[in-house]
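Reader: I am in my first year and would like a close look at a single part of this model, namely chain A. Could you take me through how it is built and what it touches, slowly and in connected prose?

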Amino acid sequence: MTKMNATRLGAIGILMCGSALADGHIDTMTPAELLPLAQAEGSVTVYSFTSRIGKVEAAFEAAYPGIDLIGFDISSTEQIARLKAEAQAGVANADVIYVSDAPVVLPELLETGIIAPYVPPRVADRVPAEFQSPVLAQRLSTKVLMYNEEASPDGAPVDSLWDLTREEWTGRVLMVDPLQRGDYLDLMTEIVLRSDEMAVAYEVEFGMAIDLDGAANAGEKFIMDLFANDLILVSSTDDVNAAVGGLGQENPPIGFTSYSDRRDNEEEGWALQVANDVAPAPGIIFPAIVALSAEPNSPAAARLVIDFLMGDESETGGPGLAPFYVAGDYLTRSDIAPHPDAVSLDDFTAWRIAPAATAEIRAEIGDLVLTLQ
Amino acid sequence: MSDASLNAQGRRVLFRDGTILKAVVLIILCLLIVLPLIRTVLFTFQPDVIKAWSDVLTGRLSRNLFYKPLGNTMLIGVIVATGCMLLGGFLAWLVVMTNVPFRRTIGILSALPFMIPSFAAALAWGSLFRNDRVGGQVGWLQGMGLDVPDWLAWGMVPTLIVLTLHYFSLAFTIIAAALATVNSDLVEAAQIAGAKGRRILMGIVLPVTTPALVAAGSLCFAGAVSNFATPALLGLPVRMQTLSTRLFGMIEVGQVGRGYVIGILLVLISAAFLWIGNRAVSGRRSYATITGKGGRARRFDLRGARWPLFAVAMVILLSSTVVPIIILLASSFAPSSANLFSNWTSAYWVGLSDPSFAQGIPGIAYNPDIVRALIVTLSLGIAVAFTGMIVGLLASYTTARYRTGWVSAAITQISFLPLLVPGIAFGAAYIAYLGAPIGPFPALYGTFAILVIAATAYLLPFSVQTGRAVIQQVGGELEESARITGASFLRRLASITVPLAIRGLSAGGILIFVKIIRDLSLVVLLFTPTMPVLSVLAYRYASEGFGQFANAITIVILFISIAATLLANRLQRKSQPWLED
């Protein structure tokens, strides 16, 4: 395409978008109606908290030629910091925000108007209301205790979270630094919120009531004991996966990571499996949010991307959902059958986080973690 | 009569000319350097941020937030500075004052490590010594069956070694230049008087070079305490924090207030040490080198120690230059760093995206992010080379031509201020400064402009120094006669100063280019995904476990840096007098 043509198309596109926006129709447009506008916009930028955006990019560009999806793999914590800085600067780099860490995203990005909700009309009747409001969740993701099933073929080597504070696990529990990744801070926070359950689990594990020894509650006591047991902090979940899951280990460590990383077992040579029966719970399950930036540079293409990320009309959601139709990810589309290899959502024992409650004490837990490092 | 009126007019023009120029330069420097720092300090005193000071300094968090990182930072600063003075001093002594074999080669190799980004050496260390503590790939030694202990793989010891092997070449350059000026008359007089080698060293050489030793020590100290990449890559897995990694972590998770407070404290610490160093030197002015052209002293004959000392020097130099480069190169081809020299594949360089390989990340030649980062990085280097040399030339011209007055003094002081500010703190200051709109001016967060402006300001001490050396080469008489004949300031600059100084200016520009393209600490906070630079991409790949891509990118940066440095050296060969026989 010549430059002249591109410019002209762009100009037409901007005019068309303008009129579409003015009519307020763009939110109700079908993908077919969005497509020509999106093609005129030419490119769309996505901030994504998962590296799977690479696969989405390839699939999207194959499905909609002429639109360049520019995907960036940025952790949720960093996305939040960047989006706030960009909003303050009046710069809009991203069109689509694909992020977890709801306890921070809801008050600091959604309520401040930095991101805006959008539910593609095509799937609106097939996503339960709790996942549409206040903002669309594409799937539920996890941060749970995973072990090496090659080394422990008969099930997890631990039956309680409190096992991790025992001497045999000294220096052998891994997790990403909760101060670097918000999901892990949410996990720590949830453990504190569930202090009552943690206290019960303590008694079951050690046969006596918990001695808080200066901690405010059983959850904080667990976190303090875990850190004191030479917990190893790394900078990415893949480091946890490789350490815990690596094949051919006699005495592998254990760690908190995403259940869905089990999908890479074959490709990467891992043997990751979730410790679903661990008491009181293996970890947390939380929504993966997909939203528009407040003023996207490519409003039509941005909506098309979100539509694409919600999957097509085929049985398992087609290429847009393919990277997410894996064991350990729980899609919010009610018409797509759960992945056959995963523990079903009903049997999955992880805690479902309540973003508002988490947000309340999250900073405090962050400070606690800081004092333990 | 007509002469007198011309002179009076000339004087008036001179007066006006000088005032405007001085004012313009002062304003530029204030905008570039003073305002960002003030704005950062003011930010931390806002009502809802001020608590950050007590959090950092006195609260229950202060131990982990500040004092422990401070302890690590000071330990790094002191040991690295000492190590650098010893290594750099030893090599400088060998090259300048002795008859060690292959002096030229030692001299060239000694200046090289500083051209290699410090994160390159840290990455190489990881490829070699990484053990299985944090999972992922192990390094080559562990792969060979050796059990690498934690203290050697991670944390303080490797940080100290890597930083010393990086900064000693800075010390070498400064000390060698000073040793080269030791007047041979002094040494010969002592020899005639029957003084022995040790006596000459302690009585003459050391005192004369004390200012250089102190300068080298304090610069290495300042560099080491503000270094970000090495402690971040080697220290974080064992929870070793320095002030710079803490600052980065706080800003990355949005606790900006605490981050800025740590940054301000880091600036004060570096500044205090550089100031003490300066005081020590200026108190010993009486030892300044005696003028006059003495011949080069007879070289100290090492006799039987020639080859052993040569071997020691080569071990140091090879382990700080050739070895890291070989490891980086090998590990950019090896799928597993445990088997550095087998199963090589070019996939990390020129492979196409393959979902089953490295999470579908294509080789760096086909990775649009990296290609874009390369373009941004090179453009940044070129832009900063130009802006830096322009501002540097203006500032040094102003202070050289109008030496007196408080404005000139202020210009000199301000232009050296960034030396006291660690790169990462400078980046933080610029986010506070230009991250939000100022009046009618839009915010520059995430733009190319903020990178150029911040980098220009950050490198000003360097560009002003280069500019000054260049200006001094151009005699004032030529310029003065042009002024008397009525040539304007710009005309004089364009037809006399710049043409005469173009070699020096180009060399200075190239060195600025090299400094910025291999910099990580300044840009790591200014980086946005849509305005990527190579060094930050390499850092991110490394911290996410894709060491091969990080190493491949680093090789690219290295190659460009070394090529540019060699070019600059050709242009200014005279600046290394110790290499002459």
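Author: A definition comes first: the radius of gyration used here is taken over C-alpha atoms, and the rule for a globule is 2.2 Å times the number of residues to the power 0.38. The model is a predicted one, and for the 373 residues of chain A the rule gives a compact globule a radius of gyration near 21 Å, which agrees with the 22 Å that chain A has. Along its principal axes, the C-alpha trace of chain A spans about 75 × 40 × 35 Å. Within that span there are 13 helices and 12 strands, and buried residues make up 54% of the 373 residues of the chain. If we take the contacts in chain A with a separation of 6 or more, 77% of them are between residues 24 or more positions apart.

Next come the domains. The domain assignment of chain A gives domain 1, made of 24–140 + 286–331, and domain 2, made of 142–285 + 348–372. Taken over C-alpha atoms, the centres of these two domains of chain A are separated by 29 Å. Where they meet, 16 residues of domain 1 of chain A are in contact with 18 residues of domain 2 of chain A. On the domain 1 side of this meeting, the elements that give two or more residues are helix H4 (76–89) and helix H5 (102–110) of chain A, and H5(A) gives the most, with five residues. By class, the residues on that side of domain 1 of chain A divide into nine nonpolar, five polar and two charged.

One strand deserves a closer look, and that is strand S5 of chain A, which covers residues 137–148. Because 12 of its 12 residues are buried, S5(A) is largely enclosed by the rest of the structure. Its pairings can be followed one partner at a time. Seven bridges join S5(A) to strand S10 (residues 283–293) of chain A, and these two strands run antiparallel; in this pairing the bridge partner of Leu140(A) is Pro287(A). Leu140(A) also stands opposite Tyr330(A) in S11(A), the strand of residues 330–331 of chain A that is joined to S5(A) by two bridges, again in the antiparallel sense. With strand S8 (residues 254–257) of chain A, S5(A) pairs in the antiparallel sense over three bridges, and there Val144(A) has Thr257(A) as its bridge partner. Three bridges also join S5(A) to strand S9 (residues 272–274) of chain A, running antiparallel, with Gln273(A) as the bridge partner of Tyr147(A).

From this strand we can turn to the nonpolar interior. The largest nonpolar core has 291 residues, and those with the most contacts inside it include Val96(A) and Val305(A) from chain A, along with Ala216(B), Ala454(B) and Ile553(B) from chain B. Helix H3 (residues 62–97) of chain B gives the most to this core, with 16 residues. To see the surroundings of one of these residues, take Val96(A) and leave aside its neighbours within four places in sequence: Val96(A) is then in contact with Val44(A), Val46(A), Val290(A), Leu292(A), Ala302(A), Val305(A) and Ile306(A).

Chain A also meets chain B directly, and here 37 residues of chain A are in contact with 33 residues of chain B. The elements of chain A that give two or more residues to this side are helix H3 (53–63), H4, strand S7 (232–234), helix H9 (237–245) and helix H13 (355–372). H4(A) supplies the largest share of the side of chain A that touches chain B, 10 residues. By class, the residues on that side of chain A divide into 16 nonpolar, 12 polar and nine charged.

One last residue can be placed in this picture. Ala357(A) has its place in helix H13 of chain A, and since a residue counts as buried at 20 or more C-beta neighbours and as exposed at 12 or fewer, Ala357(A), with 13 C-beta neighbours inside 10 Å, counts as partly exposed. The C-alpha atoms of Ala357(A) and Glu190(A) are separated by 9.0 Å, although these residues are 167 residues apart along the chain.

Technical notes. Residues are numbered from 1 along each chain as its sequence is written. Chains are lettered from A and ligands numbered from 1 in the order in which they are written. This is a predicted model: local features need pLDDT of at least 70, side-chain atom pairs count only at pLDDT 80 or more; totals for chains, interfaces and linings use all residues. Domain bounds come from an automatic or database domain assignment. Two residues are in contact if their C-beta atoms, placed from the backbone, lie within 7 Å. Helices (H or I, at least four residues) and strands (E, at least two) are DSSP runs, numbered from the N terminus. Ala, Val, Leu, Ile, Met, Phe, Trp, Tyr, Cys and Pro count as nonpolar, Asp, Glu, Lys and Arg as charged, and the others, Gly among them, as polar. A nonpolar core is a set of buried Ala, Val, Leu, Ile, Met, Phe, Trp, Tyr and Cys residues joined through C-beta atoms within 7 Å. Two strands pair if DSSP finds at least two bridges between them.
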